[in-house]
Amino acid sequence: MADMRLIVAGAGGRMGRALIRAIAETPGAVLSGALEAPGSALLGQDSGVLAGLPANGIALSGDLWTMSREADGILDFTVPAATIANVAIAAQRGLVHVIGTTGLSASDDAVIRSVTSQAIVVQSGNMSLGVNLLAALVKQVAKSLDEDFDIEIVEMHHRQKIDAPSGTAYLLGQAAAAGRGIDLAQRSVRSRDGYTGARNPGDIGFATLRGGTVTGDHTVVFAGPYERIELTHKAEDRMIFARGALKAALWARDKKPGFYTMTDVLGLGA
């Protein structure tokens with residue numbers, strides 16, 4: 001089979017550059033386009049050089065429609081507005097769309113789901129193998145322990161991160177809620193300040209920390225009477241997300257149109 005031709009959205013950003021490096025290291029994948037926001041000062045620059053590699057002759061462009069003519073998939077770790085703009089074109093072109101963008105609203109998710117009758121979408125709040133294995137463990141622990149064990153999710157990221165809680169924290173919260181058989185939207189506590197009263201049994205709490213250059217630390221705490229279980233993942237480099245996204249794209253290439261997650265990619269079950 002020919003190499004899978006991939007576009008990197010947000011190619012000038014930190015994650016975009018990591019994706020370009022990951023493609024260069026991955027057999028079976030080749031960079032076919034580098035997408036950047038219209039008006040970006042980086043437009044026209046060589047994507048290989050920006051990623052710390054030799055020049056590859058693929059310049060950053062804001063024209064997804066044109067570059068998608070010769071592509072098989074798009075790796076999209078951008079911002080919600082950009083991802084939603086990319087969804088329609090990716091669906092029209094029949095591209096595999098791997099979405100790692102966080103901070104998406106319920107309406108954004110509905111737009112993404114709306115194209116999956118004709119398009120292949122793989123979406124996850126975190127593409128790393130370790131985090132998705134952690135989510136599977138969180139679901140099982142939450143299922144095994146009753147409401148005597150309170151669930152709190154603590155996350156820390158670098159000072160530049162613009163959404164909170166992180167997509168990974170939300171992914172872990174969804175896993176815990178699934179284990180408990182509850183609706184996360186109805187039972188999550190995103191902030192506490194002032195006189196809050198006692199904690200409601202069965203709620204899932206989130207705490208957000210921002211500072212420095214932390215790539216991503218996540219801990220799920222199950223706090224019961226006189227004992228505590230803590231499940232932790234610490235990301236040390238963005239390449240773990242980039243490699244996971246590449247794995248997802250290559251896995252999805254021969255799949256039927258539909259909506260998939262990293263649980264499907266990694267064969268972790270429902």
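**Exercise 1. Classify Glu152 and follow its partner.**

Glu152 is buried, because its relative accessible area is 17% and buried means under 20% relative accessible area, exposed over 50%, partly exposed in between (1.4 Å probe, protein chains only). This is a predicted model: local features need pLDDT of at least 70, side-chain atom pairs count only at pLDDT 80 or more, and totals for chains, interfaces and linings use all residues. Residues are numbered from 1 along each chain as its sequence is written, and side-chain values use heavy atoms, with hydrogens and water left out.

Which residue meets Glu152 in a salt bridge?

- Step 1. Recall the rule: a salt bridge is a side-chain nitrogen of Lys or Arg within 4 Å of a carboxyl oxygen of Asp or Glu.
- Step 2. Apply the rule. Arg192 is the partner, at 2.8 Å, N to O.
- Step 3. Place both residues. Glu152 is in strand E7, and Arg192 is in the loop between strand E8 (188-189) and strand E9 (204-210). They are 40 residues apart, so the pair links distant parts of the chain. Helices (H or I, at least four residues) and strands (E, at least two) are DSSP runs, numbered from the N terminus.
- Step 4. Classify Arg192. At 44% relative accessibility, Arg192 is partly exposed.

**Exercise 2. Survey the other salt bridges.**

How many salt bridges does the rule give?

- Step 1. The count comes to 12 salt bridges.
- Step 2. Take Glu25 and Arg243. Their closest N and O atoms are 3.4 Å apart. Glu25 is in helix H1 (residues 14-25) and Arg243 in helix H9 (residues 239-252), 218 residues apart. Arg243 is partly exposed, at 45%.
- Step 3. Take Asp163 and Lys161. Their side chains meet at 3.1 Å, N to O. Asp163 is buried, with 14% relative accessibility.
- Step 4. Find a network. Salt bridges link Arg5, Glu70, Asp72 and Arg253.

**Exercise 3. Describe the surroundings of Glu36.**

Where does Glu36 lie, and what does it touch?

- Step 1. Glu36 lies in the loop between strand E2 (29-35) and helix H2 (47-50).
- Step 2. Look for a charged partner. Lys and Arg count as positive, Asp and Glu as negative; His and the chain ends are not counted. Glu36 is buried but has no salt bridge. The nearest side chain of opposite charge is Arg17, 7.2 Å away.
- Step 3. Look at Gly12. Its backbone nitrogen lies 2.8 Å from a polar atom of the Glu36 side chain.
- Step 4. List contacts (heavy atoms within 4.5 Å). Leaving out residues up to four places away in sequence, Glu36 touches Gly10, Ala11, Gly12, Gly13, Leu43, Leu60, Ser61 and Gly62.

**Exercise 4. Examine the rings.**

Which charged residues sit over rings?

- Step 1. Use the rule: NZ of Lys or CZ of Arg is within 6 Å of the ring centre and within 35 degrees of the ring normal.
- Step 2. Arg93 lies over the face of Trp65, 3.6 Å from the ring centre.
- Step 3. The charged end of Arg113 sits over the ring of Phe259, 3.7 Å from its centre.

**Exercise 5. Inspect the backbone.**

Which residues does the cis peptide bond join, and is Tyr226 buried or exposed?

- Step 1. Start from the general picture. Most residues other than glycine have a negative phi, and most peptide bonds are trans.
- Step 2. The cis bond joins Ala164 and Pro165, with omega about -10°. Pro165 is in the loop between strand E7 (150-157) and helix H7 (167-180).
- Step 3. Tyr226 has a positive phi, near 70°. Tyr226 is exposed, at 87% relative accessible area.

Key:
A polar contact is a pair of N or O atoms within 3.5 Å; within protein, one must be able to donate a hydrogen and the other to accept it, and residues adjacent in sequence count only if both atoms are side-chain atoms.
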